[in-house]
Structure formats: C-alpha cells, structure tokens
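Trainee: I am new to this structure and would like a close look at a single part. Please take me through one place where two domains meet, and then set it beside the contact between the chains.

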Amino acid sequence: MAAFMQQVTALSEIRLLNFLKRTIDCTRYISYRQVSSSSSGNDNRFGGHREPLVGLSVDGSTVICWHPELTFPYEHTWPVPRYDPEIREGDSVLRVQLLKEDKMKYHQTGPTDVELANMFFTTKHRWYPKPEKMYRKRNPPKDRDGL
Amino acid sequence: MFVRSVHNCCRVCLKNSARSNAFSYFIKRLLNTKVARKLTNEEARHKRNEIFNEERARQLTFITRIEKIQVEHKGPPEDCTLIMNKGLSTPFNCAMHIGELLMNRSVLALVNGKPWDMHRPLVEDCELKFLHMKDENPILSNQAFWRSCSFILGYILETAFKNEHYVELCSFPVPNVTSGSFVYDADLKLPDWSPSAMELNCLSRVGQSLRYSDFKFERLDIDVSVALKMFEDNQFKSEQIPQIAVKSETGSTVTVYRMGDHIDISRGPLMGSTGMLSRFNVTAVHKIESPQYGPLSRVQGIAIPMSLSLHYWTYEFLMKRATKLNQAPIPTVFQAKSRSETVDNQGEEKAN
C-alpha cells in the first residue's frame, strides 16, 4: 500500500485524480466526509473533488485513499502583522533617498570583483585584495662600486 | 472610459454618454484646481535663486571700470602687500596669492579689524588678517562656525523632507557655545512627528555630505523690496525683513547668504566654505511655543571643524549634551529685534 502511494505521489494531482477515476469503483465507497464548505468553493481544478475519499480498486485488492491538500478557510485567517520596520520606513516624512542611503551605509560602493573582471576581460583573481603589496619592502637601487 | 481624479483617491466611470458632458465639465474643473496646488520647498528655493542671480548680476553692472586697491596682509607666512581689484577681489583671492595654507584653514578675515567673510569683495585699501580655528583667541572664527552650522541646519530642514511637507524656516538665535548646541527654529507643520534615531541619522548625513560638496558662502546685500519678493513664501521671514532693514546702516538693506542653492538671511559673518565641516550631527527636535508665531520646532545640532580632532567618546558625550533643550530665547517679533540672528542684522557688538 505504502509503495503504491509513493508511486502515485510522483504523479501530479490532476493526473492522479484521472488515474483514480479509472481504477476506483465509485459505487463501493467505504467512507465519505466533507471537511470545509469554503475550501472547495472556488477551486475547480479537480472538478469539485477536494473532499477526502477512501475506496477499493475495481478488483477489490487495494484500498485507495484520496486526500488532496486542503486550503485553509479564509474566514478563519488573521491579517499578517505589520511589525516590519521596512514597512514603517515608507511612512517616514523624510525623502526616500535619505532612507535608502541610511540603509546602504555599510554597503561598499562601486563595482564588485565579478563586474570588474567582466569589464576588463580578466579573471576574478586580479581584483582580490593583496595586503602583501602594502607590506612589501622597498628596494631602491643602490650605487654599486663594481660598476 | 476611466478618469482618475486629482487626489488619486477614487475613479470616476463615464460609461453613460448622457452623463458624460456633466462629468467632463466636473473633471475639467478638478484639473484646473490642480494648477493651484501646494507650493513645495523646491519651487521656493528655485525662485529665490533666480532672484539672487538676477540681483547679483545687476549689482555687478555697477562696476564699469576695474579700480585697484592696496591690501596689506599681516601675519603668517609673511607680511606682504597685494594690489587687488576693488569690489571684485575677496580675502579668499588674496589667500590664493599668498599660500594654500591660508586658503584651506581660514574661517574668517579681519579687514581693518572688522570681521569679514572670506568671499565678500573688498571695497577699499585695507589691512588684512586671516583667522583660523587654532588661533590664540578663536572666538570670532568659532562663532562664525556655529552661525554657519545653524545656517546649514536650515538647509537640511528645507531639503530633507518629502515634497508634500512645506517647511517654513523661522530664525536662529545668536550662537552660544556654552549652551552646547546650535539651533534653528522652524515650522515643520508636522505636529505629531518626533524623529526616530534613524531619521536623525538621515538628517545628520545631509550635513555631513556638505563637507564633500565644498559649497562656499556667498554674501549679498539686497534692498528690502527684493528681499520681500525673495521670501514672500515664508510668513516669518517676510515679517522679519522690514525690521532688519530699519536697523541696517542705510535703513533699507538686508544681508542674505547663499550656500549651494540654499538662501537665508543672516547678519554674518559666516565661514568660508562647507569643506571645513568634519563631524555634523542633528541631535534633537524639540517642540516650542512662540507667543506670536505659534507652535514651532527647535532643531538642535552639534558639529566639529576639520582642523580640530576629537575622540569619539568625547564627541558622543557632547552629542548627548546637545540633545537637551537649548535655552536660547524663543523667537518672537519683539525679542527678535535684539536677540535673533536672522533678524538683527547689524547688532553684532550688542549681541556678542
């Protein structure tokens, strides 16, 4: 049974329903129950078959369950709380440009390594920071007695 | 056919042809009212700038012949005499001849012992000295710096808010260093607004960015009628302007300054340019009540010049101190005569 259900979950829901229609003997339902009035209201993809069904295959060898994912009834939902500070920023009296600058204050300005590499036709490695350059010992030319 | 109304709040459907004539008339009326919409700060600034440019061009036409004046510079790097153009050359131009150090560090000039803006043209033979922040007695340059910072606060208030908020600047009091903050009193027309920490940071950032813009402060003496025309959109300034003019030397001039595209009345002197700012923070916005002008907002800030360095701990301590309500006199028409900076143009000796 479990192996059968695993097999059928690989199919899309509509194909599954068609498959069930072909295999289930609809006159021999074992149980029938309706969960929510509104959940099947607008969804016509399954021809109104949003309710869970349990039945036997035509030869009676397999018990088949039809239990599509139910939509949550809208009348039982609450609005999403608007606590996000980003949403409140839009209500600020200051110009949006200033707020944006504040948000981007720690962001590096200018092109990224990848953009630079594309710009100059190099690999990305050319643009990595090279701290050893900073600490390099100066090597000024010396006067040599031999020359 | 759908027509959106002016206020963007509803849609009017014109399916019925019998009603459409009446509706189109109604819509036309609505569109006509759109022309007389609210004035924005940006438009007012644009207008002020146009008048400023026109007036400066007019004043320049009075100089028909270039006359020479002798300017004797006293002080480091060496005493010298310069021959400059009368009514055109400024102390800054003199500094350009003498050395880069003076150009960068000078906040103010002393012309015949009188404080003089760096970008104000010289008008006669004179003795010239330059003042900077590390002088033995930096009172004059320090006050010019604080006054300029108040001026900059006005710029921030005019530019930082969205266009639908028309901010009217009122005045700023005489700089008082011991009070711990510089001040601008303005009518923000936002009775319920108190800035969050993030919004104060945003306001401060406008001031901080001025350092890189390096705007110079340009001075212009204009007639009352021009000043009234310039500030006709500002109820406070148009009330103050006649009082200022009466107290001036000629009895009918008002001094205005321009920084970038921001124009305001101040008796000056102000510092050379905004490149001298280093740290700048708007620290608090307090609500005050003026008997004549009604509810106003007192915006406070603190700043440090480029030539002085300060540990961040000390600076944060000063910032905390600058959040307290500044006890400077509340702007009123009568007090304004003797105390307020933007109103009292010529009372420098009395105030200091």
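**Where domain 2 and domain 3 of chain B meet**

Mentor: In this predicted model, one salt bridge is found across the interface of domain 2 of chain B and domain 3 of chain B. Its partners are R219(B) and D117(B), whose closest N and O atoms are 3.4 Å apart. Four residue pairs in polar contact, both residues at pLDDT 80 or more, are also found across this interface. On the side of domain 2 of chain B that touches domain 3 of chain B, the elements giving two or more residues are α5 (139-160) and β10 (217-223) of chain B. Of these, β10(B) gives the most, with three residues. By class, that side has seven nonpolar, two polar and three charged residues.

The domain bounds help to place these residues. Chain B is divided into domain 1 (2-35), domain 2 (44-56 + 141-336) and domain 3 (68-131). Domain 2 is thus written as two stretches, 44-56 and 141-336. Taken over C-alpha atoms, the centres of domain 2 of chain B and domain 3 of chain B are separated by 27 Å. In the contact, domain 2 of chain B takes part with 12 residues and domain 3 of chain B with 10 residues.

The area buried between domain 2 of chain B and domain 3 of chain B is about 940 Å², with 61% of it on carbon and sulfur atoms. Within domain 2 of chain B, the residues that lose the most area to domain 3 of chain B are S141(B), R219(B) and M276(B), which together make up 46% of what that side buries. R219(B) therefore appears twice in this account: in that group of three, and in the salt bridge with D117(B), where the N to O distance lies within the 4 Å limit of the rule.

Now the contact between the chains. Here 12 residues of chain A are in contact with 16 residues of chain B. Chain A and chain B bury about 1,300 Å² between them, and carbon and sulfur atoms give 57% of this. In chain A, the most area is lost to chain B by V93(A), L94(A) and R95(A), together 52% of what that side buries. Two salt bridges are found across the interface of chain A and chain B. In a salt bridge of 3.4 Å, N to O, the side chain of R95(A) meets that of E42(B). Helix α4 (residues 96-103) of chain A gives the largest share of the side of chain A that touches chain B, five residues. That side of chain A has five nonpolar, two polar and five charged residues.

Terms used: Residues numbered from 1 in each chain as written. Chains lettered and ligands numbered in written order. Predicted model: local features only at pLDDT ≥ 70, side-chain atom pairs only at ≥ 80, totals over all residues. Heavy atoms only, no water. Contact = heavy atoms within 4.5 Å. Buried area = accessible area lost by both parts, 1.4 Å probe. Helix = DSSP H or I, 4+ residues; strand = E, 2+ residues; numbered from the N terminus. Nonpolar A, V, L, I, M, F, W, Y, C, P; charged D, E, K, R; others polar. Domains from an automatic or database assignment. Polar contact = N/O pair within 3.5 Å; in protein donor to acceptor, adjacent residues only side chain to side chain.
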